[in-house]
Amino acid sequence: MAIFSAVVLSMPIWMSPFGAAYPDILQKFVIFGVFAIGYNILFGLTGYLSFGHAAFLGVGSYTAVWSFKLLSMNIIPAILLSVLMSGIFAVAMGYIALRRSGIYFSILTLAFAQMCYNLAYSVLTPITNGETGLQLAKSDPRIIDRLFSEAGEGLPSTTLFGIETSGYSGFYISAVIMILAFYVSLKIFNSSFGLKLKAIKSNQNRMRYLGFNTKPYLLTAFVISGMYAGLAGGLLAATDPLAGAERMQWTASGEVILMTILGGVGTLFGPLLGVIIIKYFENIFSAVNQVDLHSFYALLPDWLEDIMVAVSSMFVGEGWHLTLGLLFMFVVAFLPKGVLQGVEIGYKKISSYFSKSPTKSTKKADTGANHGE
Amino acid sequence: MASKAVLQVSNVLKTFGGLKALNNLNLTIEEGTVHAIIGPNGAGKSTLLNVCIGQLTPDTGSVEFDGQNITGKSPHQISQQGISRVFQTPQIFEDLNIFQNVMIPALAQADGEFTFNPFKGLDQRKDVEQEALRIIDEMNLTSQMYDRAGAMSRGNKRRLELAMCLVQKPKLLLLDEPTAGMARADTNQTIEILKKIKASGMTKVIIEHDMNVVFSLADRVSVLAQGTIIAEGTPQEMRESELVKEAYLGGATI
């Protein structure tokens, strides 16, 4: 746990060689980390594949922004309320969707999430502000803040008792929350409750014949993971106080499924690894352009350089989806337990290869562990 | 030895389409006995067990267990009242190891049908763990305790499932062909285990084709054909009954 915390908090340092050491993407790593950790509690432990978790992310964001508008710019009430609100939504959605299992459960969750998405664009426009997205305004009441101070000039920014929650401080606040969230999920994985959830995944009928009422177990897991999604949504709004309906679209649910499967479903670190890979591709790979490629291949002869640039440019910039798609296909086909399995296999091979010279093997083990986190 | 009835099946009718799988069946299982149910394939033996554990609800009639009507109750409620079942094809948690497989039914006893304690680590459940380890040892599975259950031999899977049922200390244990598909040596081992638990006084219902098993274990035998009990008595009586021979060999017409 201590090592894990250290690795997460030192991300600004060891991410810099990868060109990802700026606060915006670091925040995304940890916030979507919370989302994926929560999703893994449902999908990894019980095997129920939800296509609707983006709805909770959206609910969390809207709730947080409303809390900024009505109550206070402090992120504490915003985050608590967004967790609570998404929990309520998860109870409603889980109660209905968990009447079915397998593909029907997935379809029901998908339908529910799309319903939320479309409502946010149409009927619920007074709450969600439709396509423009929910934004802060100068005229917002902010009841709690008004008790202590007068409204200042311009738009206030989100704070944690005076600490600004954008930029690096936003990353550190989110990272601490993510570490706590990870600790809770670790506890759940190692508890008898977690074992029962794994047993439900393995053979739900047997669980019933052994005397377990499986419904409340599934509903609890569903609500916990929904609240994690709400927490992530609240954090997204806390670092950037703006909520739009596109956060609830089914592609956002699909993204968290990709992250979980890519990293390693049912493992503790896998989903986090998946988040880093996908968010890295989305933000860094997509920004690579022809000029970058030319400088990357500058050492090659000109004619070869042109060919290499032409080939590579299909995979970067706009084409980052292609690279990600190929990677995903490779992982699902050859590493059914995700990239984490690949890291484990690689680590075993390397450590057995270097077992004669122990100093080298520990060195390799260090880097392996870093990637694993 | 006739004492009170643990299980009382009264006038149970269960139809699938036009087929009467159970046709006004009556059956009484007395406390502390080992009651064998035999009969040709398709006689309704497994359907009878399915009705007893709540997997199927009878069309008419009732099932009483331990003085309470359990007709129409859900499987987990019936299990919590004290009926455990070993299935014809082992129903275990294939993805988990043997220790975890036995821990879960032990937890069902300790926690009831639902307990929300996601922060109570497994290492804090020493009492439950001890009970599980004792049963695993009794079933000679200790050496494979951390192996994945799905990778075991069929005989071991059956023994594991028996361990999972025994750790719950049920009042009534239902065994659906506990030795089917087993090698001779495994069968003998299973008979030994069943004899050992017979001494504990647990009431058991055994569905079995292997007459050696039936005659070495059972106190009472009921013969089931076409959804009704056609004969009942001691193993000796059943061995000599013409009716039973006819049911097995000639396709009984009653």
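Two strands are taken to pair if DSSP finds at least two bridges between them, and the legends below apply this to a predicted model.

**View 1. Strand 3 of chain B and its two parallel partners in the predicted model.** Strand 3 of chain B (residues 34–38) pairs in the parallel sense with strand 9 of chain B (residues 220–225) over four bridges, and four bridges likewise join strand 3 to strand 8 of chain B (residues 203–207), again with the strands running parallel. Within these ladders, B:Ala36 stands opposite B:Val221 in strand 9, while the bridge partner of B:His35 in strand 8 is B:Val205. Strand 3 of chain B is mostly covered, with five of its five residues buried. The side chains of B:Val34, B:Ala36 and B:Ile38 point one way from the strand, whereas B:His35 and B:Ile37 point the other way, and all are buried.

**View 2. The largest nonpolar core and the contacts of B:Ile104.** The largest nonpolar core holds 141 residues, of which A:Phe29, A:Phe68, B:Ile104, B:Leu160, B:Leu162 and B:Leu173 touch the most other members. Helix 3 of chain A (residues 23–46) gives the most to this core, contributing 15 residues. From chain B, the core draws at least three residues from each of domain 1 (1–82 + 172–254) and domain 2 (93–169). Leaving aside neighbours within four places in sequence, B:Ile104 is in contact with A:Leu195, A:Ala199, A:Met207, A:Leu210 and A:Phe212 of chain A, and with B:Phe93 and B:Leu96 of chain B. A second, separate core of 27 residues includes B:Val12, B:Cys52, B:Ile53 and B:Leu174.

**View 3. The interface of chain B and chain A.** Here 38 residues of chain B are in contact with 25 residues of chain A, and the two chains bury about 2,700 Å² between them, 64% of it on carbon and sulfur atoms. Two salt bridges are found across this interface. The side chains of A:Arg206 and B:Glu161 meet in a salt bridge with an N to O distance of 2.8 Å.

**View 4. Salt bridges along helix 4 of chain B.** The side chains of B:Glu129 and B:Lys126 meet in a salt bridge at 3.8 Å, N to O; these residues are three apart in helix 4 (residues 126–138), and are therefore separated by about one helical turn. B:Lys126 is exposed, with a relative accessible area of 51%. B:Glu138 and B:Arg134, four residues apart in helix 4 and so about one turn of the helix from each other, meet through their side chains in a salt bridge at 3.1 Å, N to O. B:Glu138 is partly exposed at a relative accessible area of 31%, and B:Arg134 counts as partly exposed at 40%. B:Glu131, B:Arg134, B:Glu138 and B:Lys169 are linked in a network of salt bridges.

**View 5. A salt bridge between strand 9 and strand 10 of chain B.** The side chains of B:Arg220 and B:Glu232 meet in a salt bridge at 3.5 Å, N to O. This pair links distant parts of the chain, with B:Arg220 in strand 9 and B:Glu232 in strand 10 (residues 228–233), 12 residues apart. B:Arg220 counts as partly exposed at 28% relative accessibility, as does B:Glu232 at 35%.

**View 6. The surroundings of A:Thr323 in helix 17 of chain A.** A:Thr323 is found in helix 17 (residues 320–334) of chain A and is buried, with a relative accessible area of 15%. Not counting residues up to four places away in sequence, A:Thr323 touches A:Phe281, A:Phe285 and A:Phe315.

Key. Residues numbered from 1 in each chain as written. Chains lettered and ligands numbered in written order. Predicted model: local features only at pLDDT ≥ 70, side-chain atom pairs only at ≥ 80, totals over all residues. Heavy atoms only, no water. Core = buried A, V, L, I, M, F, W, Y, C linked by side-chain atoms within 4.5 Å. Buried < 20%, exposed > 50% of the residue type's maximum accessible area, 1.4 Å probe, protein only. Domains from an automatic or database assignment. Contact = heavy atoms within 4.5 Å. Buried area = accessible area lost by both parts, 1.4 Å probe. Salt bridge = Lys/Arg side-chain N within 4 Å of Asp/Glu carboxyl O.
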